[in-house]
Structure formats: structure tokens, C-alpha cells
Amino acid sequence: MSDPPFDPKPMLRVLQEHEVAFIVVGVVAAVAQGSPIPTRDLDVTPSPAADNYGRVASALRDLDAKLRLPDGSGLAFPFEARYLAGNTAWTLITRFGVLDLVYQPAGTRGYDDLRRQAFEVDLGTGKPVLVASLLDVIRMKEASNRLKDRAQLPALRQTLEVIREQERRS
Amino acid sequence: MISADLLKEARLRAGITQAELGRRVQRSQSQIARWERGDVKPSLETLRELIRACGLELGFELANYDDSYVPDIVDNLRVTPAERLERSVAWVNALRPWQAAFEKARHV
């Protein structure tokens, strides 16, 4: 079963409208910093603060989020704060494509850890979002040790090198 | 900056402070900070020692040099983050018909 066309901007906008505290991680964060590797899903790390679970839940309802099954289909699920708090990773399908909530990405201690090096940037929603640093994206990909992630590392490291070179020259 | 970024990545992955890493390798916190900022470059042997002190191993591999991503990266860095995302999404969605056709052919 095929996912709907990937459109991360409305997903980000809904999360912002519901005042969710989150950091964009994964390939979208890398793309925002110049990486040439494309992706079909938006990965975010929400804050695990107690009041944030409720905001995430209402945003997910607004996005018509469903649990994404391995065949790509969606399974309806009653998103509520108490259920979200019981799991650290959620793979979801929404009206705008795949959304992964990763409360503790590999190699990190989650939101507060990533927050230190994250920076604010407008990804087209008209309001800045927090994006994980490229170094942290690399840290997560290295630590996850999945073949898919390892394959992305040369492009991510090369992006970091080009950025450093440009910084050095300026 | 490669050694600086690698060292910082390893330390953050280990979840330790510069002071703690310094204690483990018997160097000062300020020395660790200089390496992480790229003010001073550690030797390869020192870098390996530092990364081991983070509980990680620096792997070695001789691969063919490949800078084929660089033109795309440089091009991406000329536009705003929102435009980079826009381009990436357009590219992914443009490939959907081909992916669908491939999937269909695979299941025939």
C-alpha cells in the first residue's frame, strides 16, 4: 500500500498550532542543513514533559494519524497522552505522509540532550522550528547502526565537511 | 575539523562532559575543548585514544575517494533551509510513479 505524497510542511504547521515542543531530527533535519539525501518521512523528537503528551495527542488527531503497519497501511489508534507516554517510538501515517515520533533517538538522551545544539529555522511554515544539529543527526545515524542509516553517513559527513570548509573560509 | 567533530560526536554519544573525558585521558578540560573547537588537531593516535575513552572505537577503512555529493551540497547551501526542504520533497514525490510501477512489477 502506498503512502500519501510526502508533505512535511503541513505536519510541522499542525504541530506548531498545537504548541508541541519538538525538535526535527533525521533526514529532514539534515536536508535543512544542505544534505542531498532525500526522505519520505518526517522524524521528530517531542519533549517528554508531562503537558506535552497531551499537545502531541491532539496534534496527531488533527493530522488523522494512524499506526503505520509494515505493509504501509494505517491502523486506527486512540491517541491520548497516557498511551503516548507508554512508548518511546511511534511510526505513524498521516494525511501528509509518514511521521515518526522518536522520544529517545539512538545515541542520545532525547529532547533535552538534542536541545543544546539544536537551532531555530523556518522550514516554510512561517514560524521557526527547532532542528537538530547535523552533528547530532550523524550521532544518531552512527548509533542506530542500521544499514539504511549507515548508507546515509557518507553524504551527511561530506555535508558537515563542506559546511566547516565554508565556515573556515568566511 | 574532522577530528573536532568526531571527538565531540563520540563524547556526546557517551554522554560525558569535557571534564570527565579529560579525567579519563588525564588531560585538562580546556585541552579537550581546544580539540573539539578545532583550535588544535590531535594526532590520529591521540584521537583514537580519546574515542576509546568514550567507549567507542575509531574504525579504519581505505575506500576510493568520492566527492560526488559535493556539487549538490554546495548548491543546497546557496538556498534557504525552506527551499532545501521544498526541493527534496519535490524530488521524492516526483519519484513516486516510478516507485509504484517498480512495486507493481515486483509483485506480478
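In this predicted model, Val24(A) has Val131(A), a residue of S8(A), as its bridge partner. That pair belongs to the connection between strand S1 (residues 22–25) and strand S8 (residues 129–131) of chain A, which run parallel and are joined by 2 bridges.

The two strands are part of an open sheet of 8 strands in chain A, whose order is S4-S3-S5-S6-S2-S1-S8-S7 and whose pairing is mixed. Strand S4 (74–75) and strand S7 (119–121) of chain A each have a single partner strand and stand at the edges, so one side of each lacks a neighbour in the sheet.

Taken as a whole, chain A contains 7 helices and 8 strands. Its radius of gyration of 16 Å is close to the 15 Å given by the globule rule for 170 residues, so chain A is as compact as a globular protein of that length. The C-alpha trace of chain A spans about 50 × 35 × 30 Å along its principal axes, and buried residues account for 46% of the 170 residues. Of the contacts in chain A between residues at least 6 apart in sequence, 66% join residues at least 24 apart.

Chain A also meets chain B, with 31 residues of chain A in contact with 27 residues of chain B. Helices H2 (26–32), H6 (134–144) and H7 (147–169) of chain A each supply at least two residues to the side that touches chain B, and H7(A) gives the most, with 8 residues. The table divides the residues on this side of chain A by class.

| Class, side of chain A that touches chain B | Count |
|---|---|
| Nonpolar | 16 residues |
| Polar | 8 residues |
| Charged | 7 residues |

Definitions and conventions
Residues are numbered from 1 along each chain as its sequence is written. Chains are lettered from A and ligands numbered from 1 in the order in which they are written. This is a predicted model: local features need pLDDT of at least 70, side-chain atom pairs count only at pLDDT 80 or more; totals for chains, interfaces and linings use all residues. Two strands pair if DSSP finds at least two bridges between them. Helices (H or I, at least four residues) and strands (E, at least two) are DSSP runs, numbered from the N terminus. The radius of gyration is taken over C-alpha atoms; the globule rule is 2.2 Å times the number of residues to the power 0.38. A residue is buried if 20 or more other C-beta atoms lie within 10 Å of its own, exposed if 12 or fewer, and partly exposed in between; C-beta atoms are placed from the backbone. Two residues are in contact if their C-beta atoms, placed from the backbone, lie within 7 Å. Ala, Val, Leu, Ile, Met, Phe, Trp, Tyr, Cys and Pro count as nonpolar, Asp, Glu, Lys and Arg as charged, and the others, Gly among them, as polar.
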